[in-house]
Amino acid sequence: MFDVLVIGGGVSGMQCALVLGSAKEKPFATEKKIGIVLHQKSSHLQNALFNNVLGLPKGKTGASILEEGRKQLTEVYPHVAQLANEKVCEITGDAGNFQIITNKNTYQSKLVVIALNYSKPLTIDGLDEFVGPHPRAAAKKDRVYLKNEDHLIKDGLYACGTIAGWRSQFAIAAGSGAQVATDILTLWNDGNHTKVHDKI
């Protein structure tokens, strides 16, 4: 049983996992089991080139960020389980007991974060009732999102990044993932607003 399972290894999913992982020294997060299903092959980062993101050098590629992000998560927060080469096919259940069925395994998690891109079709069974036309993408692109209120689709089920209705911009997607992570940390911390900073 995971305490939280992030589905999607692009910008928002990886950022969410990094922030969750960084809270490992906090008493309320010490024993939490965190995982991420690395849906990276369909990430829009694969073909991205960045010249306009604060902190990234000019000419940074999305493909390199995907690879470096996995390494960063492995090296700095190895307690975060990375589930590679699996595709989520179905999500059932409710907060405290979600079942996540992949092409290879079935997992249980108390919380789930959907961090996939906004392209059609969204092929995860169990989410159909939440799918709608993307509110911040050009209509001709026919993008989708998961209906949510402040990232929360329903109790225990979150969306972040473009699938949450945000624009396809690196900093926006990363911020959305970090927001969901801090919302989950706040939940774990008995509702006390929580963020995680490292200091020199």
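Tutor: Buried means under 20% relative accessible area, exposed means over 50%, and partly exposed lies in between. The model is predicted.

Student: What makes Asp142 count as partly exposed?

Tutor: Its relative accessibility is 40%. That value is not under 20% and not over 50%, so Asp142 falls in between.

Student: What is notable about the phi of Asp142?

Tutor: Phi is near 55°, a positive value in a residue other than glycine. Most residues other than glycine have a negative phi. Asp142 sits in the loop between strand 9 and strand 10.

Student: Why is His151 called buried?

Tutor: Its relative accessibility is 5%. The cut-off is under 20%, so His151 counts as buried. His151 also has a positive phi, near 80°. It is found in the loop between strand 10 and strand 11 (152–154).

Student: How do you know that the peptide bond from Lys120 to Pro121 is cis?

Tutor: By its omega, which is near -10°. Most peptide bonds are trans. Pro121 lies in the loop between strand 8 and strand 9.

Student: What makes Lys120 and Asp142 a salt bridge?

Tutor: The N to O distance between their side chains is 3.0 Å. The limit is 4 Å, so the pair qualifies as a salt bridge. The pair links distant parts of the chain, 22 residues apart. Lys120 is in the loop between strand 8 and strand 9 (131–133), and Asp142 is in the loop between strand 9 and strand 10 (144–146).

Student: How many salt bridges does the rule give?

Tutor: The count comes to four.

Student: Why is the pair Asp3 and Lys110 called a salt bridge?

Tutor: The N to O distance is 3.4 Å. That is within 4 Å, so the pair passes. Asp3 is in strand 1 (residues 2–7) and Lys110 is in strand 8 (residues 106–114), 107 residues apart. Asp3 is buried at 8% relative accessible area. Lys110 is partly exposed at 38%.

Student: What makes Glu68 and Lys60 a salt bridge?

Tutor: Their side chains meet at 2.8 Å, N to O. This too is within 4 Å, so the rule is met. Glu68 has 39% relative accessibility and counts as partly exposed. Lys60 has a relative accessible area of 17%; this is under 20%, so Lys60 is buried.

Student: How do you know that helix 1 is mostly covered?

Tutor: Eleven of its twelve residues are buried. Among them are Val11, Met14, Leu18 and Leu20. The cover includes strand 1, strand 2, helix 2, strand 8 and helix 3.

Student: How does the reach of helix 1 compare with what is expected?

Tutor: From first C-alpha to last, helix 1 reaches 16 Å, close to the 16 Å expected at 1.5 Å a residue. Helix 2 (residues 62–76) has 15 residues and reaches 20 Å, close to an expected 21 Å.

Student: Why are the buried residues of helix 2 said to be on the same side?

Tutor: The buried residues in question are Gly62, Ile65, Leu66, Gly69 and Leu73. They cover an arc of only 105° around the axis, which puts them on the same side of helix 2. Their packing partners include helix 1, strand 2, strand 5 (81–83) and helix 3.

Student: Which residues of the largest nonpolar core touch the most other members?

Tutor: Of its 28 residues, these are Val4, Leu20, Leu73, Val113, Ile184, Leu185 and Trp188. Helix 1 gives the most to this core, with six residues. Ile184 touches Val4, Leu20, Leu111, Val113 and Tyr158, not counting residues up to four places away in sequence. A second, separate core has 24 residues, including Ile7, Leu83, Val88 and Ile91.

Student: How many bridges join strand 6 to strand 7?

Tutor: Six, and the strands run antiparallel. At least two bridges are needed for a pair, so strand 6 and strand 7 qualify. Val88 stands opposite Thr102 in strand 7. The two strands form a hairpin with two residues between them. Gly96 in the turn has a positive phi of about 95°.

Student: How many bridges join strand 7 to strand 8?

Tutor: Four, again with strands that run antiparallel. Four meets the minimum of two, so strand 7 and strand 8 pair. Gln99 has Gln108 in strand 8 as its bridge partner. This hairpin has three residues between its strands.

Technical notes
Residues are numbered from 1 along each chain as its sequence is written. This is a predicted model: local features need pLDDT of at least 70, side-chain atom pairs count only at pLDDT 80 or more; totals for chains, interfaces and linings use all residues. Side-chain values use heavy atoms; hydrogens and water are left out. Buried means under 20% relative accessible area, exposed over 50%, partly exposed in between (1.4 Å probe, protein chains only). A nonpolar core is a set of buried Ala, Val, Leu, Ile, Met, Phe, Trp, Tyr and Cys residues joined through side-chain atoms within 4.5 Å. Contact means heavy atoms within 4.5 Å. The expected span of a helix is 1.5 Å times one less than its number of residues. The arc is that of the directions from the helix axis to the C-beta atoms.
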